[in-house]
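Colleague: I'm new to reading models like this one. Please pick one small part, look at it closely, and then walk me outwards from there in plain words.

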Amino acid sequence: MQPRPLLSLQSVSKSFDGVQALAEVSLELSDTGILGVIGPNGAGKSTLAGVIVGSLRPDSGRIFFLGREITGLPMRKRARLGIANTHQIPRAFPSLTVYENLELAVLHRADTDPRRQILETAELLGLQPVLQLKPSQLSHGQIRLVEISMALLSQPRLLVMDEPTQGLTGLEVNTLTEALKSLGEKISIIVIDHRVDFVASLSPRIAVMHRGRILALGSPRDSWVAEKIEEVYLRGGA
Ligand SMILES: Nc1ncnc2c1ncn2[C@@H]1O[C@H](COP(=O)(O)OP(=O)(O)OP(=O)(O)O)[C@@H](O)[C@H]1O
Ligand SMILES: [Mg+2]
């Protein structure tokens, strides 16, 4: 018997004013591992993230998480089930220090030692030197790493990241790559990114999106997946 998938999308569609952003997308994720999602501007990547995290409601199709239907479930209830996300434009509370921002993410938890969790996560993402600074004193990349840390501190079972490398320096990308590789052994992660090399370094499972569809799902080392990548980026898609 096949194990129950963590997340399952069944023929999910979403349109905006006649533009089909998602067209009958079906997808399954297991409890651990990383799925990379690539595709050109407007392919439907953020819309896919939106219907999974609950910021968007699909027009048709169904979504299941842990065997339970979540298609119409509000975002905060999905968060409680263990779905966390980071945004294409990162967010952090401007009046709080980095440490206080991270503290917010653990407030609801019954841990005896949230401080240890905060410091461990800060270390994982290289944020220890800036813990007492405010977001206005950080680089764009560091704010992104704060948002990622907050998502991780909520102890998600599924983390959906929309373009996490945008604005990061090469060094920050390396830190993030290492952190995600080790996290992907414990939880399920969806990484949306334009950088095929970054996504390929994280995972052998990549979804190639174009015009609301997943055109290929597999390793970029497979020639047919590589061909689809070339097709959507270089030739504007099929
Ligand atoms: N809120 C919205 N209102 C109207 N149209 C939208 C909205 N969100 C997305 N779209 C349209 O849906 C399509 C898919 O958009 P989406 O943002 O999912 O693409 P994307 O793959 O994330 O692109 P990018 O790489 O630029 O972030 C595009 O044609 C976009 O213009
Ligand atoms: Mg997007």
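Modeller: Let's settle one word before we start: two residues are in contact if their C-beta atoms, placed from the backbone, lie within 7 Å. Keep in mind, too, that this is a predicted model.

My pick is Ala49, which sits in helix 1. Set aside its neighbours within four places in sequence, and Ala49 is in contact with Asn85, Val160, Asp162 and Ile192. Is Ala49 buried or exposed? A residue is called buried if 20 or more other C-beta atoms lie within 10 Å of its own. Ala49 has 22 of them within 10 Å, so it counts as buried. For a sense of distance, try Asp197: it is 148 residues away from Ala49 along the chain, and the two C-alpha atoms are separated by 21 Å.

Now look at the ligand, since helix 1 (45-53) turns up there as well. There are 13 residues around ligand 1, and the nearest are Phe16, Ala21, Lys45, Ser46 and Thr47. Two elements give two or more residues to this shell, namely strand 2 (19-29) and helix 1. The largest share is 3 residues, and it comes from helix 1. Sorted by class, the shell holds 4 nonpolar, 7 polar and 2 charged residues.

Next, zoom out to the whole chain. The protein is divided into domain 1 (1-82 + 156-238) and domain 2 (92-155). Between the C-alpha centres of these two domains there are 25 Å. Where they touch, domain 1 puts in 10 residues and domain 2 puts in 11. On the domain 1 side, helix 6 (residues 170-183) gives the most, with 3 residues. That side of domain 1 is made up of 6 nonpolar, 3 polar and 1 charged residues.

Helix 6 deserves a stop of its own. Its 14 residues should span 20 Å at 1.5 Å a residue, and its end C-alpha atoms are indeed 20 Å apart. Which residues of helix 6 are buried? They are Glu172, Leu176 and Leu180. Here's a handy rule for reading a list like that: an α-helix has 3.6 residues a turn, so residues three or four places apart point the same way. Look down the axis of helix 6 and its buried residues fall within an arc of 65°, so they line one face of the helix. Strand 3 (33-38), helix 5, strand 8 (188-192) and helix 7 (196-202) are among what covers them. On the other side of helix 6, Gly170, Leu171 and Ser182 are exposed.

You can read helix 8 (residues 223-234) in the same spirit. It has 12 residues and reaches 16 Å from first C-alpha to last, close to the 16 Å expected. Val225, Lys228 and Val232 are its buried residues. Seen down the axis of helix 8, they stay within an arc of 60°, so they line one face. What they pack against is strand 9 (206-210) and strand 10 (213-218). Round on the other side of helix 8, you'll find Ser223, Glu230 and Leu234 exposed.

Then try helix 3 (residues 98-106). Here the buried residues are Val98, Asn101, Leu102 and Ala105. Their arc around the axis of helix 3 is 95°, and so these residues line one face as well. Helix 4 (114-124) and helix 5 are included in what covers them.

Last, a quick visit to two loops. Most residues other than glycine have a negative phi. Leu66 is not a glycine, yet its phi is positive, at about 55°. You'll find Leu66 in the loop between strand 4 (60-65) and strand 5 (68-69). With 16 other C-beta atoms within 10 Å, Leu66 is partly exposed. Gln155 has a positive phi too, near 50°. Its place is the loop between helix 5 (140-153) and strand 7 (158-162). Gln155 has 15 C-beta neighbours inside 10 Å, so it counts as partly exposed.

Note on methods: Residues are numbered from 1 along each chain as its sequence is written. Chains are lettered from A and ligands numbered from 1 in the order in which they are written. This is a predicted model: local features need pLDDT of at least 70, side-chain atom pairs count only at pLDDT 80 or more; totals for chains, interfaces and linings use all residues. A residue is near a molecule or strand if its C-beta atom, placed from the backbone, lies within 6 Å of it. Helices (H or I, at least four residues) and strands (E, at least two) are DSSP runs, numbered from the N terminus. Ala, Val, Leu, Ile, Met, Phe, Trp, Tyr, Cys and Pro count as nonpolar, Asp, Glu, Lys and Arg as charged, and the others, Gly among them, as polar. Domain bounds come from an automatic or database domain assignment. The expected span of a helix is 1.5 Å times one less than its number of residues. A residue is buried if 20 or more other C-beta atoms lie within 10 Å of its own, exposed if 12 or fewer, and partly exposed in between; C-beta atoms are placed from the backbone. The arc is that of the directions from the helix axis to the C-beta atoms.
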